[in-house]
Amino acid sequence: MNINKVYNRLSLFSLHLPPSISPPQFLSASLHRFTSVCTRGRLRTPASSAGGTNTRAAMSLARFHHLVPLNAAAAAAECDAGAGGNGSVSSTDEDEENLALGSGYRLPPPEIRDIVDAPPLPALSFSPQRDKILFLKRRALPPLAELSKPEEKLAGIRIDGKCNTRSRMSFYTGIAIHLLMPDGTLAPEKEVYGFPDGAKLNFVSWSPNGKHLSFSVRVDECFYFYKFLLGQEDNNGGKLRLWVADVETGQARPLFQSPDIHLNAVFDNFVWVDDSTLLVCTISLSCGDPPKKPLVPSGPKVQSNEQKNVVQVRTFQDLLKDDYDADLFDYYATTQLVLASLDGTMKEIGPPAVYTSMDPSPDQKYLLISSIHRPYSFIVPCGRFPKKVDLWTSEGKFVRELCDLPLAEDIPIAFNSVRKGMRSINWRADKPSTLYWVETQDGGDAKVEVSPRDIVYMQPAEPLDGEQKAILHKLDLRYGGISWCDDSLALVYESWYKTRRTRTWVISPGSEDSSPCILFDRSSEDVYSDPGSPMLRRTTVGTYVIAKIKKENDEGTYILLNGSGATPEGNIPFLDLFDINTGNKERIWESDKEKYYETVVALMSDQSEGDLYLNQLKILTSKESKTENTQYYIQSWPDKKACQITDFPHPYPQLASLQKEMIRYKRKDGVQLTATLYLPPGYDPSKDGPLPCLVWSYPGEFKSKDAAGQVRGSPNEFAGIGPTSALLWLARRFAILSGPTIPIIGEGNEEANDRFVEQLVGSAEAAVEEVIRRGVAHPNKIAVGGHSYGAFMTANLLAHAPHLFCCGIARSGAYNRTLTPFGFQNEDRTLWEAIDTYVEMSPFMAANKIKRPVLLIHGEEDNNPGTLTMQSDRFFNALKGHGALCRLVILPFESHGYVARESIMHILWETDRWLQKYCVSNTSKVNENLDKCKDDAKKEVPDLESKAVLASGGGCPELADSEHEGLHPRARASLCICC
């Protein structure tokens, strides 16, 4: 695994938001296509002009008069921002009704806008030797123009065809190198220089010896437009080039002398093979122009299942639609692999193909190469296309084929179902060139009962004649990975979703006589029993293995377990010294409990070979509090002295004194619930009275009441506020109830979703009653909101609990579950197996019951399985058809998570307007008919206490199919420990 790369790709799970720098003067051209866009932000890879010379010349004449001096452009941008620039209009003096119906992007109040526009903190990356730190600089939100650039939606992914990479990538704007001094302090920064001004940097990685950096560079199309004005022809605008930098001097240069060699980063991009050689995915020089879409189709689009195969798939998006799409996918994804040395020599290896991953062996002698090939599918994404895994020498010579897996359209939808054949093929981290993998014994179908269910195998890269694969371990649950140490120790993980059971095995890979034994056997949702995870150390060849720790005058075998330390009082992270033979443990470090929240981030004393002794231990920790943002420290044994190595400013000092409390309360059926209550700075309930309140949450599923009631998180964690966070309304004097637990519990053999609405309403009632009891929330001014599955929750609450909330905000949700007939979220029954549940869970079916104002927001290009934009369109029409007070906002070019500054500012304006009008100004008594509403609710939903609790799985939704809540990072510095 090439874990040393720092990836910045925008995703549903993590959106890194890059700090602002001034563009060079020639980039301040206010080109026609950018005239309504703020120049500040994290830009997507630009598209270059595709026209010929005459077209570009005409374009230059049309745009030349827009060129302005840098200072003038900056002043104009400031002026625009203050007056609602970027197509945004301030609403201060306008008629509110006309404003609400008007066109154009709006800006929220300054107290919200200032927080969102605050420059983000840098990402950090440590060198393999732990003696240097990179500060990777980032910019703020990108302009909408960057999202509007063309992208190809192919095989479940989105491709920027102008630069052969995934579209909507974030990037770094600069790299600063700091030497970590022996006393733990940082030397002055050294800027990496030499790349063009305004360059966008991605895929930053260290060479194994830490002497060089590699990264991709792309520059804006206006850079090439400027070169055109100077008479310098360049048709490669926006494409990625591979650069390397000398860490000692900071000087950077292109790795390839030829300007025609560019990265293809649709899948993998590049990897260090050794200290001076990289294996690079490049765009084939013979690729030519993209295929042309036929003006007249050659025939109809036909799919057939005359063999009567059972093929059930979730609602994947952006799939291939026809043969032209398949050709286009091949065109953009096909890669020519190149071995390139720092001295400038290069060699093409292997034929052009759609390579998806490259992994050098620890001894640098072999390459593990994965690729996908035809026949492609029109119903599943590229991750299920036929997959070939080959073994090559590091010089590119073919050794052998490990597997060639067929198209996998028929993977069952039941959780823990997997692909047939070899999977999870990797190198052993503790051996020079030994492969291991797993093969299912149940045909990949989780519903098939068989023992063992998975078998883990291993084999040398080049086995001797007649040498067969060796069985390493047999598992009755589903394989979950291996942590390697040496021939005497490895930890094997397995789990089963339906039961939440998870087990950790201790094995001795080098001993056939040693029997595996279970180290931990527990429920994955029981966070109180989590023993922690083993800490890893870096080997001299750049892999990571379990760190064995020695104590003076002690022959025991110890490892370090790093845990979150969940307790009824909140998380108290810890580091335990664990005797692998006896099971005894000693707590050698623990977070502060009173004021701070601290975590162990990485082992820092692993830069040299040999044994690690406890009294020489050195770790990297983070430290934060309710009001102090995250800083990093190095702690050294034996005195555990902590040395602070960062001093990041508070990202939003105007909220530095906000009030935060983790509160606990009970649902009527006795389930313990928790939430985090935030109150504005300086608020005193006894003097100021109750506030308008915004409840923002996301339901989760559990197998037991006890697990559902456990406390997760810490009262001392810093309040990270992302660009679309509900916490922004603290600046508008709202009380925020963040993340109140909404457990949908299933026990025994029944399904939790069969009582979804019942438990949803019960959890919401308990939360509302608690904030009212505390006197911090006005009973008639409580709004509810959520994103994705949280939007689904919001709509259901407005339908089935109108006595609780005055209005709702639902972002990017799915409201009609009959449109996701083969499962959704944690539901793996089909519509036809649980038709009543699908219908009863769908707020679309209860649109006639929604009487409270509801604001619907959705990205026009939502690519998340299940949450098609159509869901909000049809739900809005259903609400409007019943006279409901509702509003639908569709954000052009936005996906499941919102990215562009214009979009984000507008949804904040929409949300603030909605809250001010239907929450703050609400004069109707939400609870005046409380008893009647509750009686009506009880008629619809059986009482929680009078019915057995039903079951379904309840942990994390399937990665590929989940409807995600976490769209933006916390306001802290991202950290990557690199090798």
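1. In this predicted model, strands β36 and β38 (residues 618-625) run antiparallel and are joined by seven bridges. One position on β38 can be named: I619 stands opposite L603.

2. These strands belong to an open sheet of four strands, in the order β36-β38-β39-β40, with antiparallel pairing. The edges are formed by β36 (596-603) and β40 (641-644), each of which pairs on one side only. On average, neighbouring strands of this sheet are turned by 30° against each other, direction ignored.

3. The count of aromatic pairs comes to 22. One of them, formed by Y436 and W484, is edge-to-face, with 5.0 Å centre to centre and 65° between the planes. Because Y436 lies in strand β22 (residues 434-440) and W484 in strand β25 (residues 478-486), the pair ties together parts that are 48 residues apart in sequence. Both residues, Y436 and W484, are buried.

4. A tilted pair is formed by F756 and F792, at 5.4 Å centre to centre and with 40° between the planes. F756 belongs to helix α10 (residues 756-773) and F792 to helix α11 (residues 789-800), so this pair ties together parts that are 36 residues apart in sequence. Both F756 and F792 are buried. Elsewhere, ring pairs link F267, F329, Y376 and F385 into a cluster.

5. Charged side chains also meet rings. The charged end of R500 sits over the ring of Y497, 4.5 Å from its centre, and R106 lies over the face of W909, at 5.9 Å from the ring centre.

6. Finally, H787 is placed in strand β47 (residues 777-787). H787 counts as buried because its relative accessibility is 3%, under the 20% cut-off. A polar atom of the H787 side chain lies 3.1 Å from the backbone oxygen of H896.

Key: Residues numbered from 1 in each chain as written. Predicted model: local features only at pLDDT ≥ 70, side-chain atom pairs only at ≥ 80, totals over all residues. Heavy atoms only, no water. Helix = DSSP H or I, 4+ residues; strand = E, 2+ residues; numbered from the N terminus. Buried < 20%, exposed > 50% of the residue type's maximum accessible area, 1.4 Å probe, protein only. Polar contact = N/O pair within 3.5 Å; in protein donor to acceptor, adjacent residues only side chain to side chain. Pairing = 2+ DSSP bridges. Axes fitted to C-alpha atoms, helices over the stretch in contact; angles between N-to-C directions. Phe/Tyr/Trp six-rings, centres within 6.5 Å; stacked < 30°, edge-to-face > 60°. Lys NZ or Arg CZ within 6 Å of the ring centre and 35° of its normal.
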